[in-house]
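This report looks at a metal site and at the strand pairing around it. Please keep the sequence and the structure at hand while reading.

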Amino acid sequence: MAADDNLQVYRKKRRFSVTPEPSGKRPRQRRTAKRLLFVVQKHRASHLHYDLRLEWNGVLLSWAVPKGPSLDPSVKRLAMAVEDHPIEYADFEGIIPAGEYGGGTVMVWDRGAYVPEAPDVGNSVEKGELKFTLHGKKLKGSWVLVRTGSRYAADRGNRSWLLIKHRDPEASTGDITAEEPRSVKSRRLLVEIALDEGGDVLKAAEGDPAEALRALLDRNPKLVPRRRNRKAAVWSSKGAT
Ligand code: MN
């Protein structure tokens, strides 16, 4: 989506009287052209995905990455271009109410600065190839976003891109989404954000790795719902002997 889109599409999709997401009406901060903001938000909506957002021209250019980023240069991750978001969205972590656009739990999974290889990011996006270096807490090093299909694919409404890690010292075959499941803003898992802020806890938990959930329950057993039917519990333990 063009950077001069002016957030019209973004605002049209949302009811700001209902969702806590920012409307993007606050004046934007100017940054130097060399250090721009990036954020990756883990979003448990109807489907789990990771939203990659790159600051350009006062907005956040945005791609939804269903499987999340991979540090393995041989792995190409589908990234669907979505509407530009306001700059202050980079700070948003919490609950989008059920039934609203993108309803579910949002986590600030990673953020930091990014440096585009070519200074005119808008031009690179138009051409369908954007190379950049990330300076996040989790994601670092050199990456590329490439639009799929022919060079005219964008004119035909093609929104499919691929997110690929370049070969460099930051590349690895480890699974960063499984190894680093927590928020860089609050250190919470998705389930903890939902618990704290009144979201759909079970749905949020589906987006957390099982191992992280198990560790959370070990530390805080009260999170497990209490068994109401004691007879049933006795019966099943007797039945087992
Ligand atoms: Mn999303």
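## Metal site and strand β1

In this predicted model, the manganese ion is coordinated at 2.2 to 2.3 Å by H43 through ND1, by H49 through NE2 and by D51 through OD. Along the sequence, these donor residues of the manganese ion follow the spacing H-x5-H-x1-D. Two of the donors, H43 and H49, are buried.

H43 also belongs to the set of residues in β1 that comprises L37, V39, Q41 and H43 and points one way from the strand, while L36, F38, V40, K42 and R44 point the other way, and the residues of both sets are buried. Because nine of the nine residues of strand β1 (residues 36–44) are buried, this strand is largely enclosed by the rest of the structure.

The pairing of β1 with two other strands is set out below.

| Partner of β1 | Residues | Sense | Bridges | Example of a bridge pair |
|---|---|---|---|---|
| β2 | 48–56 | antiparallel | seven bridges | V39 with R53 |
| β6 | 104–116 | antiparallel | nine bridges | L36 with Y114 |

With β2, strand β1 forms a hairpin that has three residues between the two strands; within that antiparallel pairing of seven bridges, V39 finds its bridge partner in R53 of β2. Strand β6 runs antiparallel to β1 and is joined to it by nine bridges, and here Y114 of β6 is the bridge partner of L36. As for the metal site, H43 and H49 are donors to the manganese ion together with D51, and H43 is among the residues of β1 that are buried.

Definitions and conventions
Residues numbered from 1 in each chain as written. Predicted model: local features only at pLDDT ≥ 70, side-chain atom pairs only at ≥ 80, totals over all residues. Heavy atoms only, no water. Donors = N, O, S within 2.8 Å, 3.2 Å for Na, K, Ca; no water. Buried < 20%, exposed > 50% of the residue type's maximum accessible area, 1.4 Å probe, protein only. Helix = DSSP H or I, 4+ residues; strand = E, 2+ residues; numbered from the N terminus. Pairing = 2+ DSSP bridges.
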